[in-house]
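This report describes selected features of a single chain, moving from strand pairing to empty space and then to backbone geometry. The sequence and the structure are shown first.

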Amino acid sequence: MLDLARLRALHAVAVHGSVSAAAVALGYTPSAVSQQIAKLERETRTTLLERRGRGIALTDAAQQLADTAQRLLAIVERAETTLEERRGQPSGRLVVGAFASAARGLLPPVLAELTARHPGLDARLTEVDPHLSPDLVARGVIDLAVTHDWDISPLPAPEGVQRVVIGDDPSDILVPGDHPLAGRRVLGRADLTDQRWICQPPGTVCHDWLVRTLRASGHEPDLAYQVAEYHTQLALVSAGLGIALVPRLGRGPVPDGVSVVPLEPTPLRRLYALWRPGAARRPSITEAVRLLQEHWPRRDAA
């Protein structure tokens, strides 16, 4: 009899590509995941992981077993959904994935209220890149995702994923206090040319939006500093090294010496909640989505 927890560990390694990433997703230590895989290898008398360079890869047998594990986990999810629905109360485990600023600026009060109201619910949070969220939801790695897109970079909606809008998050231009643009009441796209930019790295939605927007205006952006964390971007702006486009959600207090100037038309990123249609009957999903929408207007947008 194959152990479901060990199959879940193998499936997580297959999805995330490494033992350490699988451990983060499951809330385990890497050692615990490795032990689960080792036990599964002994039970099946099959080599499941092999070394490739500095990393690991699944063998052909492991990939087949991981595919089977995904189908089994889907069956288990349907059973758990039925039981939770019969109870009529959020319960069991709910794995939420969110991008960094939503995890910081929106999820804490939502998760606090959710778990306080429903002690039978084991809610967990993992940070997930917005590009990866739809696929992770569709594959059953996470139960609920909070993700976003921009107007020129729509969020893909793969088969097997439902979504609802949480709200729109405006972005502003942040400039050093002594910058020529600091005293402006509002900025237009034409004001953004010939600037040194502080932005997120390539491959992120915010980076793509900035590059596409400036190129559409006929200018190649000078991306001098590319860092993922908005708090680091704020520190670089405060040091006078450039300007940045920063969403309000999760931005936190603006450091002294930094001016916030609105941009028109206002750049907006739209936040969504994503889940699998089969899980839509789960009270934990419906309650979490309700709280996400309820808490959205309360967030500090200053």
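Which residue in strand 5 is the bridge partner of Gly97? In this predicted model, the partner of Gly97 is Ala145 of strand 5.

## Strand 3 and its partners

Strand 3, which covers residues 92-98, is mostly covered, since five of its seven residues are buried. Strand 3 pairs with strand 5 in the parallel sense over three bridges, and it is also joined by seven bridges to strand 4 (residues 121-127), where the two strands again run parallel. Within the pairing with strand 4, Ala98 has Glu127 as its bridge partner.

## Ring contacts

A search of the whole structure returns one aromatic pair. The rings involved belong to Trp150 and Trp209, and because their centres are 5.1 Å apart and their planes stand at 35°, the pair is classed as tilted. Trp150 lies in strand 5 (residues 144-150) while Trp209 lies in helix 8, so the pair ties together parts that are 59 residues apart in sequence. Trp150 has a relative accessible area of 2%, and because the cut-off for buried is under 20%, this residue counts as buried. Trp209 is likewise buried, at 2% relative accessibility.

A ring contact of another kind involves a charge: the charged end of Arg163 sits over the ring of Tyr272, at 4.4 Å from the ring centre.

## Pockets and the cavity

Rolling a probe the size of a water molecule over the atoms shows where empty space is left. The table sets out the volume and the lining classes of the three spaces discussed below.

| Space | Volume | Nonpolar lining residues | Polar lining residues | Charged lining residues |
|---|---|---|---|---|
| Largest pocket | about 650 Å³ | 12 | six | 11 |
| Second largest pocket | about 290 Å³ | eight | four | five |
| Largest cavity | about 60 Å³ | six | three | no charged residues |

The largest pocket, with a volume of about 650 Å³, is lined by 29 residues, and those that lie nearest its centre are Arg8, Leu73, Glu80, Gly140 and Asp143. The elements that give two or more residues to this lining are helix 1 (4-16), helix 2 (19-26), helix 4 (60-87) and strand 3. Helix 4 supplies the largest share of the lining, namely nine residues. Strand 3 thus appears both in the lining of the largest pocket and in the parallel pairings with strand 4 and strand 5.

The second largest pocket holds about 290 Å³ of space. Its lining is made up of 17 residues, of which Phe99, Ala100, Asp129, Pro130 and Gln200 lie nearest the centre. Helix 5 (100-105) and helix 8 are the elements that give two or more residues to the lining of this second largest pocket, and the largest share, three residues, comes from helix 5.

The count of cavities of 30 Å³ or more comes to one. The largest cavity is lined by Ile198, Cys199, Gln200, Cys206, His207, Leu210, Tyr230, Gln233 and Leu245. Strand 7 (196-199), helix 8 (205-216) and helix 9 (230-238) are the elements that give two or more residues to that lining, and helix 8 contributes the largest share, three residues. Gln200 is named both among the residues that line the largest cavity and among those nearest the centre of the second largest pocket.

## Backbone geometry

Most residues other than glycine have a negative phi, and most peptide bonds are trans. Against that background, three places in the loops deserve a note.

A cis peptide bond joins Glu264 and Pro265, with omega of about -5°; Pro265 is found in the loop between strand 10 (258-261) and strand 11 (268-275).

Arg45, in the loop between helix 3 (30-44) and strand 1 (49-52), has a positive phi near 55°, and at 79% relative accessibility this residue counts as exposed. Asp194 also has a positive phi, near 60°, and lies in the loop between strand 6 (162-176) and strand 7; its relative accessibility of 77% makes Asp194 count as exposed.

Definitions and conventions
Residues are numbered from 1 along each chain as its sequence is written. This is a predicted model: local features need pLDDT of at least 70, side-chain atom pairs count only at pLDDT 80 or more; totals for chains, interfaces and linings use all residues. Side-chain values use heavy atoms; hydrogens and water are left out. On a 1 Å grid over the protein atoms alone, a cavity is a set of points where a 1.4 Å probe fits but cannot get out, and a pocket is an open set with protein on both sides within 12 Å along at least five of seven lines; lining residues have an atom within 4 Å of a point. Grid points are joined across faces, edges and corners, and a volume is the space filled by probe spheres set on the points. Helices (H or I, at least four residues) and strands (E, at least two) are DSSP runs, numbered from the N terminus. Ala, Val, Leu, Ile, Met, Phe, Trp, Tyr, Cys and Pro count as nonpolar, Asp, Glu, Lys and Arg as charged, and the others, Gly among them, as polar. Rings of Phe, Tyr and Trp (its six-membered ring) pair if their centres lie within 6.5 Å; planes under 30 degrees apart count as stacked, over 60 as edge-to-face and the rest as tilted. Buried means under 20% relative accessible area, exposed over 50%, partly exposed in between (1.4 Å probe, protein chains only). A charge sits over a ring if NZ of Lys or CZ of Arg is within 6 Å of the ring centre and within 35 degrees of the ring normal. Two strands pair if DSSP finds at least two bridges between them.
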